[in-house]
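Please walk through this model from its strands outwards to its salt bridges and its surface. The sequence and the structure come first, and the explanation follows.

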Amino acid sequence: MKKAIRIIGKIILWFFVLIVVLLIISALAHKILTPIEKNKYKVGKTIDINGKHMQAYVTGQGDKTIVLLSGLGTASPITDFMPLADRLSADYKVVILEYFGYGFSDTTKAERSNENIVNEIRTALNQLEIKGPYILMPHSISGVYSLYYAIKYPDEVEAIIGIDESVPDQTKFSKDPDMSHGLTLLNTFGIIRDVSYFLPDAWDNKNENNNYTQEQIKVKKMATTWNSLNKSVINEFNTVNKNTGELYDVKYPDNLPVLAILAKESVDTDNYWLPLHQQLITNPSIQKIETLTGEHYLHWTNADKIAELAKEFITANLKN
């Protein structure tokens with residue numbers, strides 16, 4: 001009996017040793033492959049923001065500048081917005097910024113507050129030597145940052161065109177998020193990368209309109225392994241309620257043109273989604289809401305229509 005127990009004990013010990021060895025190999029492979037992949041597929045321009053590298057992509061030559069700002073957890077914003085940016089660039093200068101912790105940008109320990117994120121956006125645009133005022137085009141959580149930007153620096157924002165964008169009051173009665181920073185270990189040890197090998201076609205169903213090239217889909221997959229659950233993303237997730245709380249009951253300035261392009265699925269599944277956007281409106285003559293058939297990431301499947309609506313809105317409401 002004692003011999004059997006010793007054998008079982010050795011098996012368990014060797015099992016744990018094997019797990020530790022595999023984790024070390026996974027972590028080393030992830031650490032080595034990530035910078036190699038980033039250097040190989042890097043798109044856009046790298047700029048310095050407070051001693052950290054931030055990635056930006058600029059296209060188009062128009063007189064007006066549209067700044068595309070991504071949603072929480074979008075692993076590769078430049079790639080994610082590329083089809084939409086291509087369409088908008090026919091008429092406007094288009095800038096895509098990758099917040100810290102996203103795409104090819106560095107991570108940061110700095111709090112992901114409204115103030116810090118907006119100041120980083122402003123610094124990035126200054127580094128790129130692109131003068132305002134800007135048309136902000138936020139997706140999801142960036143709707144909150146864009147509203148903060150427009151309130152605090154009104155002379156720098158001439159319009160907001162949202163893509164199923166978040167609004168402050170949507171978190172008014174929700175609990176504060178508390179994502180454990182221990183989850184960063186899944187990133188550190190390369191476990192997300194390992195899992196991705198078992199889901200090779202995970203992104204393919206998001207390309208139903210063939211808006212993305214195969215290389216862009218590949219970058220999206222790789223960026224998920226680089227950036228999922230890193231310290232910056234977790235910090236931003238845990239700061240959502242604090243950021244929205246700063247703007248509870250705030251409405252759009254009545255001289256700010258706004259177009260909210262909402263996803264029909266969001267409107268249909270959340271009875272408050274449309275009213276929450278309607279209550280921000282102070283001037284219906286220049287602040288509009290449109291609904292498009294599709295999911296939260298509307299630009300994956302509706303790039304053509306979003307670009308069309310944006311052009312119509314800009315032509316009708318902004319001076320040349």
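A crossover is called right-handed if, with the strands pointing away from the viewer, the path from the first strand over the helix to the second runs clockwise. In this predicted model, that description applies to the β-α-β unit made by strand β5, helix α4 (residues 142-152) and strand β6, which is right-handed.

Strand β5, which spans residues 134-138, is a good place to begin, since 5 of its 5 residues are buried. The cover extends to both faces of β5, with Tyr-134, Leu-136 and Pro-138 buried on one side and Ile-135 and Met-137 buried on the other. Strand β3 (residues 65-69) runs parallel to β5 and is joined to β5 by 5 bridges, and within this pairing Thr-65 stands opposite Tyr-134. Strand β6 (residues 157-163) also runs parallel to β5, here with 3 bridges between them, and Val-157 in β6 is the bridge partner of Tyr-134.

The helix of the β-α-β unit can be followed through one residue, Tyr-148, which is found in α4. Tyr-148 counts as buried because its relative accessible area is 11%, where buried means under 20%. Leaving out residues up to four places away in sequence, Tyr-148 touches Asn-114, Glu-115, Val-118, Glu-246 and Leu-247. For one of these contacts, Glu-115, the C-alpha atom is separated from that of Tyr-148 by 8.1 Å, although the two residues are 33 residues apart along the chain.

Ahead of β5, in the loop that connects α3 (114-127) with this strand, sits Leu-128. Leu-128 has a relative accessibility of 12% and therefore counts as buried. Apart from its neighbours within four places in sequence, Leu-128 is in contact with Lys-45, Ile-47, Ala-56, Val-58, Val-95 and Leu-97. The C-alpha atoms of Leu-128 and Val-95 are separated by 9.5 Å, with their positions 33 residues apart along the chain.

Charged side chains give another view of the fold, as the structure holds 12 salt bridges. In one of them, the side chains of Glu-158 and Lys-64 meet at 3.4 Å, N to O. This pair links distant parts of the chain, 94 residues apart, with Glu-158 in strand β6 and Lys-64 in the loop between β2 (52-59) and β3. Both Glu-158 and Lys-64 are buried.

In another salt bridge, the closest N and O atoms of Asp-80 and Lys-220 are 3.0 Å apart. Asp-80 lies in helix α2 (residues 77-88) and Lys-220 in helix α7 (residues 214-227), so this pair ties together parts that are 140 residues apart in sequence. Asp-80 counts as buried because its relative accessibility is 4%, and Lys-220 counts as buried because its value is 3%.

Arg-112 and Glu-120 form a salt bridge as well, with 2.7 Å between the closest N and O atoms. Here Arg-112 is buried at a relative accessible area of 1%, and Glu-120 counts as buried at 5%. Salt bridges that share partners also join Asp-169, Lys-172 and Asp-249 into one network.

The surface offers a contrasting topic. A nonpolar patch, with about 1100 Å² of accessible area together, is formed by residues including Trp-14, Phe-15, Phe-16 and Ile-19. Ile-19 lies in helix α1 (residues 2-41), and this residue counts as partly exposed because its relative accessibility is 34%.

Terms used
Residues are numbered from 1 along each chain as its sequence is written. This is a predicted model: local features need pLDDT of at least 70, side-chain atom pairs count only at pLDDT 80 or more; totals for chains, interfaces and linings use all residues. Side-chain values use heavy atoms; hydrogens and water are left out. Patches are made of residues with over 30% relative accessible area and no salt bridge: like charges are joined within 9 Å, nonpolar side chains (Val, Leu, Ile, Met, Phe, Trp, Tyr) within 5 Å. Accessible areas come from the Shrake-Rupley method with a 1.4 Å probe; for residues, only the protein chains shown count as cover. A salt bridge is a side-chain nitrogen of Lys or Arg within 4 Å of a carboxyl oxygen of Asp or Glu. Helices (H or I, at least four residues) and strands (E, at least two) are DSSP runs, numbered from the N terminus. Buried means under 20% relative accessible area, exposed over 50%, partly exposed in between (1.4 Å probe, protein chains only). Two strands pair if DSSP finds at least two bridges between them. Contact means heavy atoms within 4.5 Å.
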